[in-house]
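Let's walk through this structure together, one feature after another. Keep the 3D view open and turn it as you read.

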Amino acid sequence: MSKVILVTGAGRGLGTDIAREALAAGHRVVATGRRPEEVEKTLGGPQENLLVTRLDVTSLEDAEAAAQAAVDRFGRIDVLINNAGNLFTGYFEEISPAQMRRQFETNLFGPMNVTRAVLPHMRAQRSGHVITITSTAGLVGMEFTSAYAASKFAEEGWMESLRYDVEPYNIHTTIVEPGYFRTELLVDGSTTWPELSIDDYAPRTAPRIEGMKGMNGKQPGDPAKLARALLTIAGQEKPLLRFVAGADAIEAAEAKAQELLAQAEASRELGGSLAYDDARA
């Protein structure tokens, strides 16, 4: 069945693949980006089932205008795919406070803005599906990714809780945790390197940056296949609450689950005895 799908960050990378695959599958697509003329060109020009509109996710006003434009054109919004994001990478002390805040503005407050703008329309129609792309870094902290992982962990906590807020209105939520996919996340337009420089970290920082640059274009995941998988989930009667995407992501999730269970068991004796002893009161 054809759905109205709003995609953020549709001008490049995974967002472009999602929009293309959705159009090919017969869906009506609201493709958004900061430069709509480039988004439209990337997707092959004007099309009957395509609405391209400006959206900087850090602007609530942009988000509200995009949501209203979608409803004006297609009458509803069935699926929101929060895809837009960027990567501030580096050791924590070398990432400036301003960089950390910018990371959260895009990766956390950005999807919050768009979701805040879309949810009133979904509640009014008593149906909808919010899909948010987080990352394996939203499950597992890694070296050189403190800002990015922090924003993605926060995004996951928000989405896990949002589920309970909107379930009564027949609105579904799905968290998507991709591993390494051959998107444009590691190109200079999407990646920002540390602003500060500390001598202690210098021998590690330069090799890390070169290593990440060298990964671009060599990631194992195919974003077009991921896009098609997301459309499959969007079509499910009971969509997955969490989609771990890619063999590397599944391996990381399994390792994290085992680690959590082991740490919970190791905490049992000390952590399980912290309740008030009411008998002594």
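Tyr-91, Phe-144 and Tyr-201 form one aromatic cluster, a good place to begin. Rings of Phe, Tyr and Trp (its six-membered ring) pair if their centres lie within 6.5 Å; planes under 30 degrees apart count as stacked, over 60 as edge-to-face and the rest as tilted. This is a predicted model, so local features need pLDDT of at least 70 and side-chain atom pairs count only at pLDDT 80 or more, while totals for chains, interfaces and linings use all residues. Residues are numbered from 1 along each chain as its sequence is written, and side-chain values use heavy atoms, with hydrogens and water left out.

The structure holds 2 aromatic pairs. In one of them, Tyr-91 and Phe-144 meet edge-to-face, at 4.8 Å centre to centre and with 80° between the planes. Tyr-91 sits in the loop between β5 (87-88) and α4 and Phe-144 in the loop between β6 and α5, so this pair ties together parts that are 53 residues apart in sequence. Helices (H or I, at least four residues) and strands (E, at least two) are DSSP runs, numbered from the N terminus. Tyr-91 also pairs with Tyr-201, and here the rings are stacked: 5.2 Å centre to centre, 20° between the planes. Because Tyr-201 lies in the loop between β8 (191-192) and α6 (202-215), this pair ties together parts that are 110 residues apart in sequence.

Are these rings buried or exposed? Buried means under 20% relative accessible area, exposed over 50%, and partly exposed in between (1.4 Å probe, protein chains only). Tyr-91 is buried, with a relative accessible area of 6%, and Tyr-201 is buried at 18%. Phe-144, at 3% relative accessibility, counts as buried too.

Phe-144 deserves a second look for its backbone. Most residues other than glycine have a negative phi. The phi of Phe-144, however, is positive, near 75°. Arg-126 also has a positive phi, near 55°, and is found in the loop between α4 (97-125) and β6 (128-133). At 47% relative accessibility, Arg-126 counts as partly exposed.

Now turn to the strands. Seen as a whole, 7 strands form an open sheet in the order β3-β2-β1-β4-β6-β7-β9, with parallel pairing. Two strands pair if DSSP finds at least two bridges between them. β3 (50-54) and β9 (242-245) stand at the edges with a single partner strand each, so one side of each is left without a neighbour in the sheet. Neighbouring strands of this sheet are turned by 15° against each other on average, direction ignored; the axes are lines fitted to C-alpha atoms, for helices over the stretch in contact, and angles run from 0 to 180 degrees between N-to-C directions. At the β9 edge, 4 bridges join β9 to strand β7 (residues 171-178). Among the residues involved, Val-176 has Phe-243 in β9 as its bridge partner.

Finally, follow helix α1 (residues 13-24). Its 12 residues should span 16 Å at 1.5 Å a residue, and its end C-alpha atoms are 17 Å apart, which agrees; the expected span is 1.5 Å times one less than the number of residues. How many residues of α1 are buried? The count is 10 of the 12, so α1 is largely enclosed by the rest of the structure. The buried residues include Leu-14, Ile-18 and Leu-23. After α1 comes Gly-26, whose phi is positive, near 90°.
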